[in-house]
Amino acid sequence: MATIPDPHVAMVRPVTPHTPEGCEECLREHSPWAHLRLCLTCGHVGCCDSSPLKHARRHAGSAAHPVVQSFQPGEDWRWCYVHEAPV
């Protein structure tokens, strides 16, 4: 059975993290986060769904940038928020 590639992978670009020190919004709001996700379209750094404010998911929805990569040391997996699946 062949798998169909996620069409959102075409939105992936070489990016530089906007705020490599943490979640962009949480840093501004002085809010804690659990883990970080890097938007692979624009470089936004947001907090994961286990974090109180889920900024990575919010960014994916509001900016229409669905593909993120873990921004945790030693992790390189990618996720598509539209398909709720790894890419």
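Is His30 buried or exposed? With a relative accessibility of 72%, His30 counts as exposed, because the bar for that label is over 50%. Keep in mind that this is a predicted model. The close-ups below go through the sheet, the core and a few single residues.

**View 1. His30 sits in the loop between α1 and β1.** The backbone here is worth a look: phi of His30 is near 55 degrees, a positive value in a residue that isn't glycine. As said above, His30 is exposed.

**View 2. Five strands line up as an open sheet.** Reading across, the order is β2-β1-β3-β4-β5, and the pairing is antiparallel. In general, strands of a sheet pair through backbone hydrogen bonds. β2 and β5 stand at the edges with a single partner strand each, so one side of each has no neighbour in the sheet. Helix α2, residues 55–63, packs on the sheet and touches β1 and β2. The direction of α2 makes about 125 degrees with that of β2.

**View 3. Strand β3 has β1 and β4 as antiparallel partners.** β3 covers residues 67–70 and is joined to β1 by 3 bridges. The pairing of β3 with β4 also runs over 3 bridges. Follow Val68 in this view: Cys39 stands opposite Val68, and Val68 also stands opposite Trp79 in β4. Which β3 residues point which way? Val67 and Gln69 go one way, Val68 and Ser70 go the other, and all of them are buried.

**View 4. The largest nonpolar core brings together 8 residues.** Three of the members are cysteines: Cys23, Cys26 and Cys47. The leucines are Leu36, Leu38 and Leu40, and Val45 and Val67 complete the set. The elements that each give two or more residues to this core are β1 (36–39) and β2 (45–47).

**View 5. Val45, a member of that core, up close.** Setting aside its neighbours within four places in sequence, Val45 is in contact with Leu36, Arg37 and Leu38, among others. Its contacts also include Pro17, His18 and Thr19, as well as Gly22, Cys23, Glu24 and Glu25. Phe71 is another residue that Val45 contacts.

**View 6. Glu25 is a buried acid without a salt bridge.** Glu25 lies in helix α1. What is the nearest side chain of opposite charge? That is Arg28, 4.5 Å away, and a salt bridge needs the charged atoms within 4 Å, so this pair doesn't qualify. Leaving out residues up to four places away in sequence, Glu25 touches His44, Val45 and His55.

**View 7. Met11 comes before α1 in the chain.** The helix that follows, α1, spans residues 24–29. Met11 is partly exposed, with a relative accessible area of 26%. Not counting residues up to four places away in sequence, Met11 touches Leu40 and Thr41, plus Ala64, His65 and Pro66. Ala60 is 49 residues from Met11 along the chain, and the C-alpha atoms of the two are separated by 12 Å.

**View 8. Glu84 sits in the loop between β4 and β5.** The flanking strands are β4 (78–80) and β5 (85–86). Phi of Glu84 is near 50 degrees, a positive value in a residue other than glycine. Glu84 counts as partly exposed, because its relative accessible area is 39%.

Definitions and conventions: Residues are numbered from 1 along each chain as its sequence is written. This is a predicted model: local features need pLDDT of at least 70, side-chain atom pairs count only at pLDDT 80 or more; totals for chains, interfaces and linings use all residues. Side-chain values use heavy atoms; hydrogens and water are left out. A nonpolar core is a set of buried Ala, Val, Leu, Ile, Met, Phe, Trp, Tyr and Cys residues joined through side-chain atoms within 4.5 Å. Buried means under 20% relative accessible area, exposed over 50%, partly exposed in between (1.4 Å probe, protein chains only). Helices (H or I, at least four residues) and strands (E, at least two) are DSSP runs, numbered from the N terminus. Contact means heavy atoms within 4.5 Å. Two strands pair if DSSP finds at least two bridges between them. Axes are lines fitted to C-alpha atoms, for helices over the stretch in contact, and angles run from 0 to 180 degrees between N-to-C directions. Lys and Arg count as positive and Asp and Glu as negative; His and the chain ends are not counted.
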